[in-house]
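Work through the exercises below with the sequence and the structure at hand. Try each task before reading its solution.

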Amino acid sequence: MSNDPLLQPYQLKHLTLRNRIIMTSHEPAYPEDGMPKGRYRAYHVERAKGGVAMTMTAGSAAVSKDSPPVFNNLLVYKDEVVPWMKDLTDAVHEQGAAIMIQLTHLGRRTRWDKGHWLPVVSPSHHREAAHRAFPKKMEDWDIERIIKDYADAAERMKAGGMDGIELQAYGHLMDQFWSPLTNELEGPYGGSLDNRLKFTFDVLTEIRKRVGTDFIVGVRYTGDEMLEQGLSAADGMTISHRLKDSGMVDFLNVVRGHIDTDAGLTDVIPIQGMTNNPHLDFAGDIRAATNFPVFHAAKIPDVATARHAIASGKVDLIGMTRAHMTDPHIIKKIIEKREDEIRPCVGANYCLDRIYQGGSAYCIHNAATGREESMPHEIEKAPTRKKVVIVGAGPGGLEAARVAGERGHEVVVFEAASQPGGQIRLTAQSERRKEMISIIDWRMAQCERLGVRFEFNTWAESDQVQAEHPDVVIIATGGLPHTDVLAKGNEWVVSSWDIISGDVKPGKNVLVFDDAGDHAGLQAAEILAKSGAAVEIMTPDRAFAPEVMAMNLVPYMRSLQALNTRFTVTFRLHALEKVPSGLKAYIGSDYGGVEQTREFDQVVINHGIIPLDELYFELKPLSSNHGETAHEQLLAGQPQTVVRNSEGQFQLFRIGDAVATRNTHAAIYDALRLVKDI
């Protein structure tokens, strides 16, 4: 048996877990009609197949009709969920992993205009900033009804074969009872800490009546809200002891902080550029004080950190949840002595930010996650070896090279720059986003292992590509900033890339006109502001940086607001004129009726890119398919068979920003779904 702390089994009540790494409860928003159908099952089964000890589903499953999900969650208040749960649990158990589910009532952390349009309820009328709903202050019959809903849901989960359940407290209804900031009830459920805890213990009592003493039940909660007059660390320690001493709880899953604002949520679940494992020591303190099973997860991105958490005895089980979205086979690779092949989580938080915008969770650089029914995590060998030439070593080109290499093809990559990475190398120049370079480094390591040949400092021409006698050519050349967007004065602007790269010195009074709404605009603005410039970010949209999304916006705002950056929405820069004192900006609005002029000494445009597609169009008439991608074959997972030129010697495709401005995930997905069938 291995002496690796992570690979030691753990006994939780009657349940033997095969190692110490778990996926804590999370909702990737994959349910269909509120049920865990094929897509949901395939996602969890892949992680079980990869060796995780336990996968915890549903962050969080709704127990009541007046707890409508604000994104696509499981609806465990429906009886029809039971057979779907049984299918899921059986499939996970077949792979040797345990499975649990998190149950909740969201309380005020939702909206009344979702689901059945029932009033949101909470122990006070205080609105949650993040979801903006003003709740109804709960009555006695609301409390009775919801206690029963919890017990009904727990009973369904036991019938569905779950190994246990976890009750979600932090930020949700249970915590709204706990916190003096959100509980203004009188009588048995309000006032003292004991009274504020009564709802939780009433729920636990009713659950135990339904599921018995053997079924595993735990609580995920905050041990310190880190808010003035909120639950303190001392309160958290008291609550921890009360939960243990109740005899109704089998484990504690500890976090720290509050999630009622985007900033609070991001501190609880940190993203790239923020400290790793910020709450691990706090969880360890509770473990030491209670001598009770403690789980924990919050930015545990790598095996070394997880190993430390277990070896030091801080926690009993460590969650690597986002890390398993990036690589579902972490444990398998540890066992096989292939830790260096684990695909790293870069903390980009594309997964969670997409959920909070109403989308499905996707990993920024593993396009198979969430698409397990159609995209492979492990690439099969091709029946016939081919010569594949790729032009461009950005994320899309490198993914194409990696997948082609795994398929067994001979692969050569031409790259004009001296190093791989494309826009990601530019992005990673910002200190807070330097983790992004791991997207490139991991692929380069895989390509080296697979024997891919790279030709750097090479501006590939048509003759050079043809001289390789390729069977397939993939153009992944990306593009260049599109700054020619004004009615006049385009010659006076610089691009966001110019500022990020350092090719252009910051001005003193700068307008950043951001018509793309992505990271590049805010990265440039931050560099400018840190240089001492007075910076205004202007967008014609009703909100700035919509492509950056909520949690990624937090560190930008903390930096930019402290530097007195001005934010202007719903205004459009129309034109520039060179004047003796600098640049006169002519400003209007898509809403009409506004004309302004202001002066700046520098104007930065962020408006996406124009594809570098000259080589593609030179090669197009020489190719057998004239560059066409058959969408039906692509979406069906079939090889491309289009022939438009019977004399053509190679197939030609282009991916990523060489087609149009999109993002890193799109480029990688383009590459995976095309090349997996070559």
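**Exercise 1.** List the residues in contact with Asn366, leaving aside its neighbours within four places in sequence. Then place Asn366 in the chain and describe its polar contacts.

Solution.
- Step 1: The model is a predicted one. In it, Asn366 is in contact with Met325, Thr326, Pro328, Arg343, His377 and His665, once neighbours within four places in sequence are left aside.
- Step 2: Asn366 sits in the loop that runs between helix H12 (350-356) and strand E13 (387-391).
- Step 3: Two of the contact residues can be described further. The side chain of Asn366 reaches the backbone oxygen of Thr326 at 2.7 Å, and with the side chain of His377 it makes a polar contact at 3.3 Å.
- Step 4: The relative accessible area of Asn366 is 2%. Buried means under 20%, so Asn366 is buried.

**Exercise 2.** Is Met138 buried or exposed? Find its loop and its contacts as well.

Solution.
- Step 1: Met138 lies in the loop between strand E7 (136-137) and helix H3 (140-159).
- Step 2: Because its relative accessible area is 6%, Met138 counts as buried.
- Step 3: Beyond the neighbours within four places in sequence, Met138 is in contact with Val121, Ser122, Pro123, Ile143, Ile146, Leu173, Phe177 and Leu185.
- Step 4: For a distance across the model, take Met138 and Lys676. They are 538 residues apart in sequence, and their C-alpha atoms are 54 Å apart in space.

**Exercise 3.** Why do Cys345 and Cys351 not form a disulfide?

Solution.
- Step 1: A disulfide is a covalent bond between the sulfur atoms of two cysteines.
- Step 2: The cysteine sulfur closest to that of Cys345 belongs to Cys351, at 6.7 Å. Starting from Cys351, the closest cysteine sulfur is that of Cys345.
- Step 3: The cut-off for a disulfide is 2.5 Å, so 6.7 Å is too far for a bond.
- Step 4: A search of the whole structure agrees, with zero disulfides found.
- Step 5: Cys351 is buried, at 8% relative accessibility.

**Exercise 4.** How many cavities of 30 Å³ or more does the structure hold? Describe the largest and the second largest.

Solution.
- Step 1: The search finds three such cavities.
- Step 2: The largest cavity has about 650 Å³ of space. It is lined by 43 residues, and those closest to its centre are Ser25, His26, Tyr170, Ile269 and Leu352.
- Step 3: At least two lining residues come from each of strand E3 (21-26), strand E4 (54-62), strand E5 (98-104), helix H7 (262-268), helix H10 (321-326) and H12. By class, 24 residues of this lining are nonpolar, 14 polar and five charged.
- Step 4: The second largest cavity has about 90 Å³ of space. Its lining includes Thr326, Cys345, Cys351 and His365, and H10 and H12 are the elements that give two or more residues.
- Step 5: Seven residues of this second lining are nonpolar, four polar and one charged.

**Exercise 5.** Which element gives the largest share of the lining of the second largest pocket?

Solution.
- Step 1: The volume of this pocket is about 510 Å³. Of its 26 lining residues, Asp262, Tyr356, Gln357, Met549 and Ala550 are the closest to the centre.
- Step 2: H7, H12 and helix H19 (550-562) each supply at least two residues of the lining.
- Step 3: H19 gives the largest share, with six residues.
- Step 4: The lining divides into 18 nonpolar, four polar and four charged residues.

How values were computed. Residues numbered from 1 in each chain as written. Predicted model: local features only at pLDDT ≥ 70, side-chain atom pairs only at ≥ 80, totals over all residues. Heavy atoms only, no water. Helix = DSSP H or I, 4+ residues; strand = E, 2+ residues; numbered from the N terminus. Buried < 20%, exposed > 50% of the residue type's maximum accessible area, 1.4 Å probe, protein only. Polar contact = N/O pair within 3.5 Å; in protein donor to acceptor, adjacent residues only side chain to side chain. Contact = heavy atoms within 4.5 Å. 1 Å grid on protein atoms, 1.4 Å probe; cavity = no way out; pocket = protein on both sides within 12 Å on 5 of 7 lines; lining within 4 Å. Points joined across faces, edges and corners; volume = space filled by probe spheres on them. Nonpolar A, V, L, I, M, F, W, Y, C, P; charged D, E, K, R; others polar.
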